[in-house]
Amino acid sequence: MQGNKKRQISLPAPYMRPHYDVVVIGSGYGGGIAASRMSRAGKRVALLEKGLERWPGDYPTEFTECIREVQFSSGEGHKGKRTGMYHFYQGSGQSAFVGCGLGGTSLLNANVALEADPRVWQMSVWPKEINNDFDSIKKGYEHAKEMLEPIPYPDDFPELPKLKTLEEQAKRLGPEFHKNFSRPPITVTFEDRINNAGVRQQKSTLMGNDSTGVNDGSKNSTLMNYLPDAWNHGCEIFCKIDVKSIKQDKKSKKWIVFYEWLDTGREAFTIDSHNSVSFVTADIVFVAAGTFGTNEILLRSQANGLEISSQLGQSFSGNGDILGFGYNTDLYCNGVAMGDINPSKFKEPVGPCITGIIDMRESGSNVMDGYVIEEGVIPYAVAGLTNFLLRALDDHPVVKSINEPSINKTAKTMRKIASSVSNYKGAMANTQTYLIMSHDDNTGYLELRDDRLNIEYDGAGLSKTVKDLNDILKDATNKIDGTYIPSPIWSKEALGNTLITVHPIGGCNMAKDGYTGVVNHKGQACIYLKKKYVYKGDGTEVHEGLYVCDGSIIPRALGVNPFFTISALAERICLLAAHDRHWKINYALVKEPIDFEKPSVIWPRESLDPVDMTWPPLNGGITFTEVMRGYFSTEVLTKNYKAAEMQAKSSNSTMQFLIDIVAFNVNALVDLEDNSAKIAGTVTCRALSPDPLVVVQGKFRLFTKEKNQVDANSMLYNLNLQATDGTKYRFKGIKLLDNGSLINAWMDVTTLFVSVFEGHENEDNFDDYDDDEHGRKVIGRGILKIRVNDLITQMETFKAIGTSKNQRTSAFFKFTSFFASAVIQRSFTRFLPLQYSSNGLTIQSFDKPRPTKEEFTVTAEDGVTTKLFRYKGGNKGPVLLVHGASVTHEMFSTNLIKHNFLDYMLDQKYDVFLIDYRIAPTNAQSSQQQTLEQCVLDIKAAVNEVRRRTGCENIAVVSHCLGSVVTFMGLLSGEIEGVSSYVASQVGMTPGVSFWNQVKIKLHLLQFLQNVLHQSTFDVRTSPHTSLLQGTINQLLRFYPYAVGEVCQNALCHRNSLAYGTLYKHENITQLLHDNLDQFMGEVNLTTLNQFARCASAGELVNYAGEKIYVTDDNIRNRLNFPIFLFRGNDNEVYNVEGFRATYEKLITINDASNYSIRHIPGYGHLDSFWGTNAQVDIFPKILRHLEDTKSNYGYGHKAKSIF
């Protein structure tokens, strides 16, 4: 069909809002009408359809195409894809064929739009209000007629052999039959036009493809009228939505519709998809999923606790449908559909499926004796199979026994031979297909068997009516010298006299009360119109807001094609629903063609939708489905995710999600722009809700640079969740990909660290992973993981989306290459280009208000001057901070991190001093050769200056690394006096170094640098334009034996590792700090390092000559008999734990043990003890505790007065 290729009126499930005024389930006649009328009443409507949206031109015709669209259902199970267009239900005694797609069975039916016999409405099975209100029924027919526009096959159109044959058969059957022959109104378009819904249609090409889908656009299915009309008036249509059940929230009274999204990716996770249903809420629900769909939904809802009549599923009917064939007659019928064969190759057209009728509904006084006979068409896709089957059955003894002997056997034989080579010649060309609608006894029933719909209608094909009507068809066939072959499955030898229907009705029957039916329809035109509701039980109490409006409400077989009557009832139901709520439905017909690019009514999207969701995506996108499973604890609320996981495991508190990630613009996703991907789906967690939680809004970020960790990328999952009771949650998940091996990368991309917080009304904050969470209450923590088989399945769900094939190919390639590149880079970091510091250009800083910085010059005994800095934070202290090798005092005060140690101490009201002594890169003496004893002189001068300026006899000192070595050396030698509270970081008076530092010492690496390479200093700073020697060192350091996860690209970091060992766990410091360490790190003289190496080799402090003069019992007893706190990162790669512990053991052995304390800090290395993103929580309080506990020993507290 021309002009339809760009049409798309449905949206993917991620577009679904959490709540609508009205939700309509199903898109056939009842669903299409409900969606259109409620939208025209100005309501926000969502229509949910299980099948796919396909427009004329997309329907299959060939057998191989059609077979892929076939699905079979029975009480034993389901086969085929669940969105398949052709749905066969196999039951006991009754089977059925229905359509599945946007438009429901209207896509495949035979178009006959006849009103029910007026006597039907007077039958006692209907409520009295229906018996007495035929005017409202007529009004419903009129509204349906306006939209469906049925007309008889035109007289001025080509003659149709099958129509002519049916008329001849009526004549030969006798006057009673002939007078009732006519051309019924059919919903087919016979001219190029704009229909009453504003949809452009082409005239019929008369190819007969109705039962597999008419591709010329002439079929007036609901896809051509009610559905686009609903869309044009603001209805949001969602396909591939398999509604499972409904329930009403007791508190809000809102209806909850549970559904499974049958997206291609989700079908790969069949079990998870089935168990992880999503939901949408509504004030009103119209259930119109077709007789089988509606009964299944309500039966399952009933099983789940919905109060509904016990008559649900009862009084099912096949509408008295009978199928038969008049095979190999002596009249040309041309009753095989053309498929996609060019019509010019046919002598005459086939025509629409049904164009003629022998209407015998008024032939008797009892309405139950009425029936209609219509001619049909054999579908092109199964023409060959039908040809084979009919030729075989023609010789079957049972068939022979029920037919009269042929008059012209020779002609019949010749025709049979001709049909063996063509479906359009001989016997097949002379075969008439019969379709009968009559009255059965409505005694079938529908039930759930292991959660699957089962049809029970034993004996349906054994009734006298069925036998009598088959006899009439046999008579009609024999009168044109044909062989009557009943439906192949209607035989005792085949499937137990099973009938097949294309018009299943009943199960949710309309009745006067819940004892006799399921739904009630009350209406008195002259007074307040009562509602038509679903009965809660077996009485007359009803569920407000729950409507049923499809074939399932028909309480008796109609004796005619039922869709027009279903439409009339649906129109009437919608009118009453609107009237009851004082809504007004606008019935005005559309005057102008619909603009399929933009509907006339668009409901605004909430501001919290984070993604531009133009559909199809204009720039090319990607979508995939992901399943993760794990454990979630509401007991462990800290960020110790492993502890939370273990606690949850102990109580079997599980969590799982099934989500779909849709990147509408893959360029934005890859380029790390904001709001580039949407998440839809469900989270299942009993700790949060007994039902699955739906993702109301969700945002996904792919491989963003992690600010709080070096060389790390994160995948962020930010979800706003809603439970069925309305409770809201904020779900935050992060996958962290850092440097390591491929195995580590696998673990990283398959592990999600989850935090769940309380949700807020009108949630509109989609910030990236935020540690502080704006003060939200933490509900719980956990870890989810992807199983290997789930990851393999997930890879199969990746699908590119876009408006063109090139666009989709480009999007898929860009996404997969970006993903692979990110993983490979993190796995092979050693081989990536080196990174160099930014040289201070445009560096972000975290400046905080501080007291005025005071600066003093201090001169040591040997004449070397150093800088001393002071911040008067309060009347606690004073405290002197002593840095380590090749760093400045800014290791304590840097504004490259949010929380530094200086600001922490100032917040605690301490008077803080910091020194840049002679090995600080900012000190002019740093390039000169210095011994540790000479460094002691600087610390001595600084301590004395602090004492002098504060008037305190004793002060506290906090030192780090080499600063601790120098301070211990000065204290033990007696050079440094006036310290009575001390904190030593990482090392003490018995230094022991890590394995690789021991290797470097044994290889005499420092001596090699000094004596062979003639280097006097080693500068950790470098650049891409450095000397050949330094450049060579930079390249060789790629292969330094870094610990797992500690490889990076930063050349300065590499040089630090050579000089000292890995200085920090990269996961603990920020990218900003790591990239700008040159701001306060620099060179160190090799003499200082050589002396320290001798100390490490000796296992204690030694002088420049190598003499062990410091660590003696007397020195410890006399000079270290005051409070000392030692702390060390457990993962320190500079010093070993043995040397650290030896210092503590010497102290407590010689002096009072209560003076000393030691702490090993898990998860920390060396410098990250001061620079770590959580050091202000994990370490600083421990230092503070020591200073606070010992304040009576030193400083202003010891003086018992304040100078402020």
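Me: Which residue caps the N-terminal end of helix 32?
Reply: Happy to help, and keep in mind that this is a predicted model. Look at the start of helix 32, which covers residues 1086-1098. A side-chain oxygen lies 3.2 Å from the backbone nitrogen of Thr1087 there. The residue that supplies this oxygen, and so caps the helix, is Asn1085.

Me: Is helix 32 largely enclosed by the rest of the structure or largely exposed, and how many of its 13 residues are buried?
Reply: A residue counts as buried when its relative accessible area is under 20%. Residues of helix 32 that pass this test include Leu1086, Phe1092 and Cys1095. Because of its buried residues, the helix is largely enclosed by the rest of the structure, and their number is ten.

Me: What residue follows helix 32, and what is its phi?
Reply: Helix 32 has 13 residues and reaches 18 Å from its first C-alpha to its last, close to the 18 Å expected. Just after the helix comes Gly1099. Its phi is positive, near 80°.

Me: Where is Asn442, and is it buried or exposed?
Reply: Most residues other than glycine have a negative phi. Asn442 is not a glycine, yet its phi is positive, about 55°. You can find Asn442 in the loop between strand 19 (432-437) and strand 20 (445-449). With a relative accessible area of 5%, Asn442 is buried.

Me: What is the relative accessibility of Lys909?
Reply: Lys909 also has a positive phi, about 70°, although it is not a glycine. Lys909 sits in the loop between helix 24 (901-907) and strand 41 (910-916). Partly exposed covers the range between 20% and 50%. Lys909 counts as partly exposed, at 48%.

Me: Which peptide bond is cis, with omega near 0°?
Reply: Most peptide bonds are trans. To find a cis one, go to strand 40 (residues 876-882), which holds Pro878. The cis bond, with omega near 0°, runs from Gly877 to Pro878.

Me: What area is buried between domain 1 and domain 3?
Reply: The centres of these two domains, taken over C-alpha atoms, are separated by 36 Å. In the contact between them, 19 residues of domain 1 meet 25 residues of domain 3. Carbon and sulfur atoms give 60% of the buried area, which is about 1,800 Å².

Me: Which residues in domain 1 lose the most area to domain 3?
Reply: Three residues stand out on the domain 1 side. Together they make up 35% of what that side buries. They are Arg266, Phe269 and Phe279.

Technical notes. Residues are numbered from 1 along each chain as its sequence is written. Side-chain values use heavy atoms; hydrogens and water are left out. Helices (H or I, at least four residues) and strands (E, at least two) are DSSP runs, numbered from the N terminus. The expected span of a helix is 1.5 Å times one less than its number of residues. Buried means under 20% relative accessible area, exposed over 50%, partly exposed in between (1.4 Å probe, protein chains only). A polar contact is a pair of N or O atoms within 3.5 Å; within protein, one must be able to donate a hydrogen and the other to accept it, and residues adjacent in sequence count only if both atoms are side-chain atoms. Domain bounds come from an automatic or database domain assignment. Contact means heavy atoms within 4.5 Å. Buried area is the accessible area (1.4 Å probe) that two parts lose on being put together, summed over both.
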